[in-house]
Amino acid sequence: MVADNARIDRPDAAEWRRVARLAFIYWVAIYVWSNVSNVIAGAGYFPNEIPGDGLVALTGVLVGLGGYAIIRRVRGLHPLLRWLVRGGAVLAGAAIYIGVGYGLYLLGWLAMPRAPWTLQQWAWQIWFWAVPHAMWLALAEILEQGRAGRERDARLSTALVAARDAEIRALHYQVNPHFLYNALNSISALVLEGRPREADRMILQLSGYYRANLQADPLKQVRLADELAQQGLYLEIERTRFADRLRIVVDMPEELADALVPGLILQPLVENAAKHGVNDPGEETVITVTARANGGDLVLSVSDNGPGSQASGGTGIGLQNVRGRLAAIYQEAASVETRTDGAGFTSTIRLPLARVGQASAA
């Protein structure tokens, strides 16, 4: 984590190039402004000094980059210290700029004697060049604030994605202890009744179900046909438990076989139907799973003809799990509805219809 933060805090090459380009434009503009000011003041313009002026402008670019680096470096200091460092950077930048300019002035003096600068000229030069350096540092501060803001947004976006993925995984891996408890009890009962073949088959079904469940990636979508096949593993276990009392009906048009859905999204709904919807002995329970296309949506329903004991508002853990996963993946584009007719219960999922090879709405 420390290494990652250090990498983020260092501006990359593209950032330096961007600042360097801006510094070049800024100091060329300052060079033009200073020469225009000299002409207006009557000092004249000397084309033979263009190479020297170019060197001074290049110095401004390098000093500007140094100022930007200082702004970045003092970001975490106390505000008073930051202001002191900025003030020192303004004076240092002006001093370097004036020093290079005066050095070129002396070289010209050796070739053509000129009067050295007076104290008043020195004061004027310091004031004349401190202002552009102060303006550049203000611009560098704006650049740094913008860069820091972009990095904060990037970190926040990464954190939100990680949180959403963690939430989806947590919801996905919630295990219904009642199902496992009942399955193990059924296996024990089969053993005690001297029915080892049925017990062995149920153990294989249970291990196959959990293996497929744990191998599934909750962040990936699966074909609807594969999702229904996975639910078939669960329902086979329940069918073994309830024998002739449970019948499963799956109604899926062939053209929806490659529709994409979150893996195991139907599991809590099917579990609810098997847990609450099974009728008393002697009465057949029918669990029906249907899939339909409705405009641009995929509508999935799980219903039973049981006693309707689930009609408590649809706020059980299983339904909350489904709602949470759909909200994390699709936001407001998906929904879960429940209804009961007094004898039976239906849970319906509506989500954007996407097929294999198409972009999901997630």
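The expected span of a helix is 1.5 Å times one less than its number of residues. This yardstick is applied below to helices of a predicted model.

**Overall composition**

The chain contains 10 helices and seven strands. Of its 362 residues, 39% are buried. Contacts between residues at least 6 apart in sequence are dominated by distant pairs, since 77% of them join residues at least 24 apart. The chain exposes about 20100 Å², of which carbon and sulfur atoms supply 63%.

**Helices α7 and α8**

Helix α8 covers residues 224-242, 19 residues in total, and its first and last C-alpha atoms are 26 Å apart, close to the expected 27 Å. Its buried residues are L224, E227, L228, Q230, Q231, Y234, L235, I237, E238, T240 and F242. Just after α8, A243 takes a positive phi of about 55°.

Helix α7 (residues 196-215) has 20 residues and should therefore span 28 Å at 1.5 Å a residue; its end C-alpha atoms are 28 Å apart, in agreement with that value. The buried residues of α7 are A199, M202, Q205, L206, G208, Y209, Y210 and N213.

**Nonpolar cores**

In soluble globular proteins, nonpolar side chains tend to be buried together. The largest nonpolar core of this model has 40 residues, and L224, L266, L300 and I349 touch the most other members. Helix α8 gives the most to this core, with six residues. A separate core of 18 residues includes W27, I71, W129 and L143.

L224, which is among the buried residues of α8, touches M252, L256, A257, A259, V261, A291, L298 and L300, with residues up to four places away in sequence not counted. L300 is also one of the contacts of S347.

**Residue S347**

S347 is located in strand β7, residues 345-352. Its relative accessibility is 1%, and because buried means under 20%, S347 counts as buried. Beyond its neighbours within four places in sequence, S347 is in contact with L269, L300, S301, V302, L319, E337 and T338.

**Positive phi angles in loops**

Most residues other than glycine have a negative phi. Two loop residues with positive values are set out below.

| Residue | Phi | Loop | Relative accessibility |
|---|---|---|---|
| L264 | near 65° | between β3 (260-262) and α9 (267-276) | 7%, buried |
| Q331 | about 55° | between α10 (317-330) and β6 (335-340) | 46%, partly exposed |

L264 counts as buried because its relative accessibility of 7% is under 20%. Q331, at 46%, counts as partly exposed.

**A nonpolar surface patch**

Nonpolar side chains are also found on the surface: F24, I25, V28, V32, V36 and I40 form a patch there, with about 570 Å² of accessible area together. One of these residues, V36, lies in helix α2, residues 13-41. V36 has a relative accessible area of 43% and is therefore partly exposed.

Note on methods: Residues numbered from 1 in each chain as written. Predicted model: local features only at pLDDT ≥ 70, side-chain atom pairs only at ≥ 80, totals over all residues. Heavy atoms only, no water. Helix = DSSP H or I, 4+ residues; strand = E, 2+ residues; numbered from the N terminus. Buried < 20%, exposed > 50% of the residue type's maximum accessible area, 1.4 Å probe, protein only. Contact = heavy atoms within 4.5 Å. Patch = residues over 30% accessible without salt bridge, like charges linked within 9 Å, V, L, I, M, F, W, Y side chains within 5 Å. Areas by Shrake-Rupley, 256 points an atom, 1.4 Å probe, with all protein chains shown as cover. Salt bridge = Lys/Arg side-chain N within 4 Å of Asp/Glu carboxyl O. Core = buried A, V, L, I, M, F, W, Y, C linked by side-chain atoms within 4.5 Å.
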